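Work through the exercises below with the coordinates open, trying each task before reading its solution.

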Amino acid sequence: MSGPAPSPLAVVDAEPLERQSEVLTDEALSFLAELHRRFTPRRDELLALRAERRAEIARTGTLDFLPRTAHIREDESWRVAPAPPALEDRRVEITGPTDRKMTINALNSGARVWLADFEDASAPTWENVILGQLNLIDAYERRIDFTSPEGKSYALRPAAELATVVMRPRGWHLDERHLRLDGRALPGALVDFGLYFFHNARRLLDLGKGPYFYLPKTESHLEARLWNEVFVFAQERLGIPRGTIRATVLIETITAAYEMEEILYELREHASGLNAGRWDYLFSLVKNFRDGGAKFVLPDRNAVTMTAPFMRAYTELLVRTCHKRGAHAIGGMAAFIPSRRDPEINTAAFAKVKADKDREAGDGFDGSWVAHPDLVPVARASFDAVLGDRPHQKDRLREDVQVTAAELIDIASLDARPSYEGLRNAVQVGIRYIEAWLRGLGAVAIFNLMEDAATAEISRSQIWQWINAGVEFEDGRRATPELVRAVAAAELAAIREETGEEAFAAGRWQQAHDLLLRVSLDEDYAEFLTLPAYELLG
C-alpha cells in the first residue's frame, strides 16, 4: 500500500501576516516546491563538499588554484554575456534591508544600484522574509509609501531617478523553517530567489530591467553551477527568455578567491560581475585556517585595511579576472554612518571613504558599495573622476597583475598584531549586533558604522582564533576563555547602565551575551553564527 501523494505545494508553518496571501499564492508555493525537489539534494551534496574541503585545508594548511580547471583559466576566448542597459553603469551601489522605509530611501538615494538584502543585512524573521518581498512588489507597482512615527513622509521619485534593484537571497547553508515540504525546511536561498523571481520577472521586463541577483557566500564554482541550473530552470518554467537573469557573485570566501574565473565561467550566460566583500572574506580566512598556527592569526579587524598585501592581492586579482572576461568588478563597503551631532567625526570619516573609493577607482573597479545615502556623492565623485562619461572601465585589463596562490593567504606579512582593545571591541560589537539581530534587525548602527552579520562573524571568529592560538596582548595578558568572559561581563554591565534597567530588561542582551560566548568559546567551532542564532529568533 503506497503512502500519501507528495504535496504539490510548499507548506506554510507560521502565523499569517497581513497581505501574506499576496506573496504566498498557490502558484508561488508550487514553484517553490519544484525548486526544492529539483535542487535541494544537490545543495545538500555541496554543503557536504564544503566540509570535506575544510578538512583538507586543516590537513594541508594551504590552498591553490585548481589543476582540474586550468583549461578554463587558460582559454582566452570566453566572455560573460554583455551587461544589460540597467547594469551597464554601476559606479555607486547602496546596500540595505528591504523594510518599507529603506526600500524607498535606497531607491531614491541617487545610487545606480540598490542591493536589496535578504541576507546579512536582514535578520530572517518571517515578517522580514515575506514583507520584504511585498515591499519590492509594491515598489515596482509604485504603490509604496511610508510615514515615520514622527510624521515624516517618504515616497518614490520618478522612475528614471530610481536605483536598479539587485536582490541578495540567503546563502546556501541557511534554511527557512516556516516553509516546509516532505517533512523538511526549504533552503532560504531558494525561497528568497523563488518568490522574487516568480512575482517580479515579468514586471521587471515591462519596466525595461530584469531580475538581477547578488549571490552570497559562494565557496566554489560547483555552487555557482548549481545557481546557473536554478536560473535556467526558473526561466524556462515561467517562459522568461534564457539569459534574462543576471548574477553578481560576492567573492567573500577564501576558497572562492581561487576560483573566480571558474565561477564566472559557470554563470557566463547569466554573469554580471564579481564583488569584493571584506568582512566575510576575513571571516572565511579565519574559519578555514583557524587551526593553522601563528602565521594565520589576524590582527584586530580594523587593522586589516584593503591595503594589506593579501587583501591587495585579492582585490587586484578580482579586477583582472573580471575585465579579462568582460564582467564588472565591484568594490567593497564604505560602512560609515554620518553623525548628525559630530562634524569632526564626519570630516575624518569622509576623508577615509574618499581615499578608499579613490583607490578602488584607480585600481580599475567599475563601482563600489556604500551603506548610507550621504556617502553616495562621495563615492560617485571618486568614480566620476576616473570614469568621466564612460559607464565602466572594463578596457583596463590590468595585465600587470600577477597573483600567486601563496600571496592570497600571506597573512604573516601584515605588520600588525592582535590587541586587548581589539578583543574588547570584538566583544562589544558582537553583543550589540547579536542583540539587535535577535530582535529582527540585520543592519545595525554601532559606533558610527553600519554593521551586518559578517561583522559579528569576524568578531566571534577572531576571539575563537586568538584563544586557540594563545595570543599574548601588548600588556602581557593572554587571550583565554576567562579573560573573554570577564570582558563580556563588564560590557553587559556597561550596556545595562547605558540603556537603563527597563530598556535592558526589554532587550535580549543576556541571550546575546550568552550566544557570543558560546560561539566564541566552544571547542567545536560553529560554521555560521546565524545557524544557532536562528533557533533563538522569534
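## Exercise 1: the surroundings of Asp-120

Find the residues in contact with Asp-120, where contact means heavy atoms within 4.5 Å, and decide whether Asp-120 is buried or exposed.

Solution. Once its neighbours within four places in sequence are set aside, Asp-120 is in contact with Arg-168, Lys-217, Asp-280, Tyr-433, Gly-442, Asp-452, Ala-453 and Ala-454. Asp-120 itself lies in the loop between β3 (113-117) and α5 (126-140), where helices (H or I, at least four residues) and strands (E, at least two) are DSSP runs numbered from the N terminus. Its relative accessible area is 7%, and Asp-120 is therefore buried; buried means under 20% relative accessible area, exposed over 50%, and partly exposed in between, with a 1.4 Å probe and protein chains only.

The model is predicted, so that local features need pLDDT of at least 70 and side-chain atom pairs count only at pLDDT 80 or more, while totals for chains, interfaces and linings use all residues. Residues are numbered from 1 along each chain as its sequence is written, and side-chain values use heavy atoms, with hydrogens and water left out.

## Exercise 2: the length and cover of α13

Compare the expected span of helix α13 with the distance between its end C-alpha atoms, and then list its buried residues.

Solution. The expected span is 1.5 Å times one less than the number of residues, so the 12 residues of α13 (residues 376-387) should span 16 Å, and the end C-alpha atoms are 16 Å apart, which agrees. The buried residues of α13 are Val-376, Val-378, Ala-379, Ser-382, Phe-383 and Leu-387. An α-helix has 3.6 residues a turn, so residues three or four places apart point the same way. The cover over the buried residues of α13 includes β2 (92-97), α12 (343-363) and β13 (367-370). Just after α13, Gly-388 adopts a positive phi of about 60°.

## Exercise 3: the packing of α12 and α13

Describe how α12 and α13 are oriented, and identify the residues that make their contact.

Solution. With axes taken as lines fitted to C-alpha atoms, for helices over the stretch in contact, and angles running from 0 to 180 degrees between N-to-C directions, α12 and α13 pack at about 30° with their axes 9 Å apart. The two helices are therefore roughly parallel to each other, a term for angles under 35 degrees, whereas those over 145 count as roughly antiparallel, 65 to 115 as roughly perpendicular and the rest as oblique. From α12, Phe-350, Val-353, Lys-354, Lys-357, Asp-358, Glu-360, Ala-361 and Gly-362 make the contact, and from α13, Val-378, Ala-379, Ser-382, Phe-383 and Val-386. By class, the contact of α12 with α13 has seven nonpolar, two polar and four charged residues, where Ala, Val, Leu, Ile, Met, Phe, Trp, Tyr, Cys and Pro count as nonpolar, Asp, Glu, Lys and Arg as charged, and the others, Gly among them, as polar.

## Exercise 4: two further residues

Classify Asp-363 and Arg-79 by accessibility, and list what each is in contact with.

Solution. Asp-363, found in helix α12, counts as buried because its relative accessibility is 9%. Apart from neighbours within four places in sequence, Asp-363 is in contact with Arg-312, Glu-316, Val-319, Arg-396 and Arg-398. Arg-79, in the loop between α3 (70-74) and β2, is partly exposed, with a relative accessible area of 45%. With neighbours within four places in sequence again excluded, Arg-79 is in contact with Arg-268, Lys-324, Arg-325 and Gly-326.

How values were computed:
Contact means heavy atoms within 4.5 Å.
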